[in-house]
2 protein chains.
Amino acid sequence: METLKVALLGAGNVGAQVARILLEDADALAGRVGARLELTGIAVRDVDAPRTVDLPRDLLSTDAEAVLSGADLVVELMGGIEPARSLIKRALAGGAAVVTGNKALLAEHGPELYAAAEEAGVQLAYEAAVAGAIPIIRPVRDNLAGDNITRVLGIVNGTTNYILDAMDTTGASFADALAEAQRLGYAEADPTADVEGLDAAAKATILASLAFHTSFDRAHVSCEGITAITAADVAAAREAGYVIKLLAICEAVPADPQAPDGDRGVAVRVHPTLLPREHALAAVRGAFNAVYIEAEYAGSLMFYGAGAGGVPTASAVLGDIVSSARRRVLGGPGVTESVGASVTPVGLEAVATSYAIGLRVADAPGVLATIARVFGDHGVSIGTLRQTTHADGAREGTSNDADLRIVTHRALDAALRRTVDAVGQLPAVHEVTSILRVEGA
Amino acid sequence: METLKVALLGAGNVGAQVARILLEDADALAGRVGARLELTGIAVRDVDAPRTVDLPRDLLSTDAEAVLSGADLVVELMGGIEPARSLIKRALAGGAAVVTGNKALLAEHGPELYAAAEEAGVQLAYEAAVAGAIPIIRPVRDNLAGDNITRVLGIVNGTTNYILDAMDTTGASFADALAEAQRLGYAEADPTADVEGLDAAAKATILASLAFHTSFDRAHVSCEGITAITAADVAAAREAGYVIKLLAICEAVPADPQAPDGDRGVAVRVHPTLLPREHALAAVRGAFNAVYIEAEYAGSLMFYGAGAGGVPTASAVLGDIVSSARRRVLGGPGVTESVGASVTPVGLEAVATSYAIGLRVADAPGVLATIARVFGDHGVSIGTLRQTTHADGAREGTSNDADLRIVTHRALDAALRRTVDAVGQLPAVHEVTSILRVEGA
């Protein structure tokens, strides 16, 4: 039986598990590939660093270039842009198949790497880059290749889903839920990439490129995190039958909102979103991930599972390793990306959604009518309106205030902004407490 | 741009939609494949038969062999064993890639066809054979190729899910729910293949072969349909917090139930199953399908979507057409099946599950204790027991009877059968009204 040399770059949470499984399951994997997978080296920053798994000392090296030299398959799990990008390009140019889980790298330099793989005629596989163990790259790229995807809604970041779920379940504040997530290992000491939506935005970039056969760039993705979400927002959403989720959304929309029958564009965005509690994605709890896809022929599909964690993510990496190795044994070039469609990436201004708006207003006669008139004057239609009056003195300085929660019908972002600006000018409106988008209704 | 010749065998519900989309979306598909897909012929039984879609008359022919001659890609959607089997073998031998949705054929003759494809070095793709539009073949074959699947639970037949869901929702009898399903087009005039579980068993055979890297045969699959399920079974399940679903289950178990640490076997079965209402599969309503997979590294995954219907199934066929065509443009042989593991197919006797047992018993002191003692004597432990006493004369001849619903802890089939036989001999037990397996607790 032939032997294929596998080089591993990185032995962190995921990398160490991939190494362990390659060693422990070697016989079973050989049977599936039709060749033995020999782990020839593991590039690490520090050979002596503590690891989650005991790895054979003689495989570890700080010289990444030496590790990948001569490999048939290079598995990049070091993360970050450099040196990952240069090492992957070097591996591809040398004719090695490459497996990576590096979402930030693919979101920023995907097209360059896909082109390098195509030129070299080798497989570049990256199932682990989006939604951990959940098969999503291959289903979107291959299974739905003959369909026309119209919308992708994804819960693709476990940390933020854990935090929002905790806020929804326990009524905790964002700060307390984040602290608990950090204590339990669901959030990192520096949670910025997760809670600001940057991780989800990278994954949205990758999904949009595949779903719409067009090279999207991270710069095309509008991104808002969950740090401004308050316990009051979560409670108000709950009362109105919604749950707040951080969604990555890729959607076909008219490129020009004034010409709904004209050219199609695609808007890619990440933001906290109100979802009706009966939507399939509303049931995704804790740190789990799910991707919901709407396609012209398939209808609605959902993919659900563990979106993070060393072992589940290793499952996705190993699937790519076995598939890429099998292709190597069979012969023939790897599957390439289909990016010939060139739809126009458009911004938030082209997207129509419902909005949930929170206002703190004077509890006086005529205020509701005045606010409703401003919405109407700007062409934004009100779906539901709830008013909660504060008991006198319940909050200092807020007696005689009322909380208003308005859910609009679908409107364009610009119309909504103009409406909220005008409403905010009204003397009776003391504060605009929140503006959140609503999907899935 | 290169042109690939596509021959279509069959223009029924799915085939006609595939033809329509190949013609209507020709430009978009060409961009994704890197070659134009030219539909060169459609083999039908009767050129003049009424169809759901108007197809170009000059493409239709009753001569299937002439239609497939010279094709680069052959799409078989005629169903049945012959002539589908011979035509596919002829196409493969001629070097054409083949796409099929023929579950019955693959369940009975899969290994022969996979071998023919491997020998010819061409792709044999069959995503549409299991769970309609839901990507499941490729995720199991490729994404999970480096993991160890331990269990697959699938709702893979929309007709029976529609019927069971209607029984659960409306309290209807099986006969009434079936009649309604037939009226709405969810069940065929002859519903045997669906309601007896034969369609699900064919799909289970295909999933088991992929999930466990072993050639399973339809004869390895134990199969029980839903025709014996009564409104009383559904009501009792509901009362106890369960829903009844027809599940296809592929599960790794000890090959010898007396040697739990010995060789592994795989049991494949289709039967009505009690699922706790909080299980993810319990929420799958109407004619939808879902497949729930448990794997050693990935954990639990679920895939959900439309399991049948001409247009959704066409989505899966088109995905296979584009992928196979892309491989043809790239060069290199198709992906092959991995069947090197040779786990032992085992029967129901090796499977331990919980059971829900319905008994009609005399409503007299001491009866419960006697029955409980028989269970204990046979080593089957009782989890819950509910007794419902009939009001005197409420049912003719059944006054002084009580209905007993027992849910056991996990037990082997043989132990359960012996227990139920012994219980059935008791003078106080008038009837064993139902025996159903429970999963997912």
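1. In this predicted model, A:N13 sits in helix α1 of chain A. A:N13 is partly exposed, its relative accessible area being 49%; that value falls short of the exposed class because exposed requires over 50%. Apart from neighbours within four places in sequence, the contacts of A:N13 are A:T52 and A:G310.

2. A:A16 also belongs to helix α1 of chain A. In contrast to the partly exposed A:N13, A:A16 is buried, with a relative accessibility of 0%. Outside the window of four places in sequence, A:A16 touches A:A11, A:T52, A:V53 and A:L55. A:T52 therefore appears in the contact list of A:N13 and in that of A:A16, where contact means heavy atoms within 4.5 Å.

3. What does the record say about this stretch? An unreviewed UniProt entry places a "binding site" feature at A:L9, A:G10, A:A11, A:G12, A:N13, A:V14, A:G15 and A:A16. Both residues discussed above, A:N13 and A:A16, are in that list. The annotation comes from the record and may be inferred rather than shown by experiment.

4. The unreviewed UniProt entry also gives a "binding site" annotation covering A:E188. A:E188 is located in the loop between α8 (174-183) and α9 (192-195) of chain A. Is A:E188 buried or exposed? The residue is exposed, at a relative accessible area of 53%.

5. A:D72 occupies the loop between α3 (64-68) and β4 (73-76) of chain A. A polar atom of the A:D72 side chain lies 2.8 Å from the backbone nitrogen of A:K5. With neighbours within four places in sequence set aside, A:D72 is in contact with A:T3, A:L4, A:K5, A:A96, A:A97 and A:R328. A:K5 thus appears both in the 2.8 Å pair and in the contact list.

6. Turning to the interface, 47 residues of chain A are in contact with 47 residues of chain B. The area buried between the two chains is about 4000 Å², and carbon and sulfur atoms give 53% of that area. On the side of chain A, the residues losing the most area to chain B are A:R32, A:N143 and A:Y297, together 19% of what that side buries.

7. How many salt bridges are counted between chain A and chain B? The count is 2. In one of them, the side chains of A:D142 and B:R326 meet, with an N to O distance of 3.7 Å. The polar contacts between the chains come to 24 residue pairs, both members being at pLDDT 80 or more.

8. Several elements of chain A supply at least two residues each to the side that touches chain B: α1 (13-24), α2 (26-33), α6 (137-143), β12 (299-306) and α12 (310-330). The largest share, 10 residues, comes from α12(A). By class, this side of chain A has 23 nonpolar, 14 polar and 10 charged residues.

9. Over all chains, the structure holds 54 salt bridges. Side chains of opposite charge can pair when their charged atoms come close. One salt bridge joins B:R36 to B:D27, the closest N and O atoms being 2.9 Å apart. B:R36 is partly exposed at 34% relative accessible area, whereas B:D27 is exposed at 58%.

10. Another salt bridge in chain B is formed by the side chains of B:E439 and B:R269, at 2.8 Å from N to O. B:E439 lies in the segment after β18 (429-438) and B:R269 in strand β10 (residues 264-276), so the pair ties together parts of chain B that are 170 residues apart in sequence. Both partners are buried: B:E439 has a relative accessible area of 2%, and B:R269 has 0%.

11. The side chains of B:D413 and B:R437 also meet in a salt bridge, with 2.4 Å from N to O. B:D413 is in helix α14 (residues 413-425) and B:R437 in strand β18 of chain B, so this pair ties together parts that are 24 residues apart in sequence. B:D413 counts as buried at 11% relative accessibility, and so does B:R437 at 6%.

12. In chain A, which residues are linked in a network of salt bridges? The members are A:R151, A:E251, A:R269, A:E294 and A:E439.

Definitions and conventions: Residues are numbered from 1 along each chain as its sequence is written. Chains are lettered from A and ligands numbered from 1 in the order in which they are written. This is a predicted model: local features need pLDDT of at least 70, side-chain atom pairs count only at pLDDT 80 or more; totals for chains, interfaces and linings use all residues. Side-chain values use heavy atoms; hydrogens and water are left out. Helices (H or I, at least four residues) and strands (E, at least two) are DSSP runs, numbered from the N terminus. Buried means under 20% relative accessible area, exposed over 50%, partly exposed in between (1.4 Å probe, protein chains only). Buried area is the accessible area (1.4 Å probe) that two parts lose on being put together, summed over both. A salt bridge is a side-chain nitrogen of Lys or Arg within 4 Å of a carboxyl oxygen of Asp or Glu. A polar contact is a pair of N or O atoms within 3.5 Å; within protein, one must be able to donate a hydrogen and the other to accept it, and residues adjacent in sequence count only if both atoms are side-chain atoms. Ala, Val, Leu, Ile, Met, Phe, Trp, Tyr, Cys and Pro count as nonpolar, Asp, Glu, Lys and Arg as charged, and the others, Gly among them, as polar.
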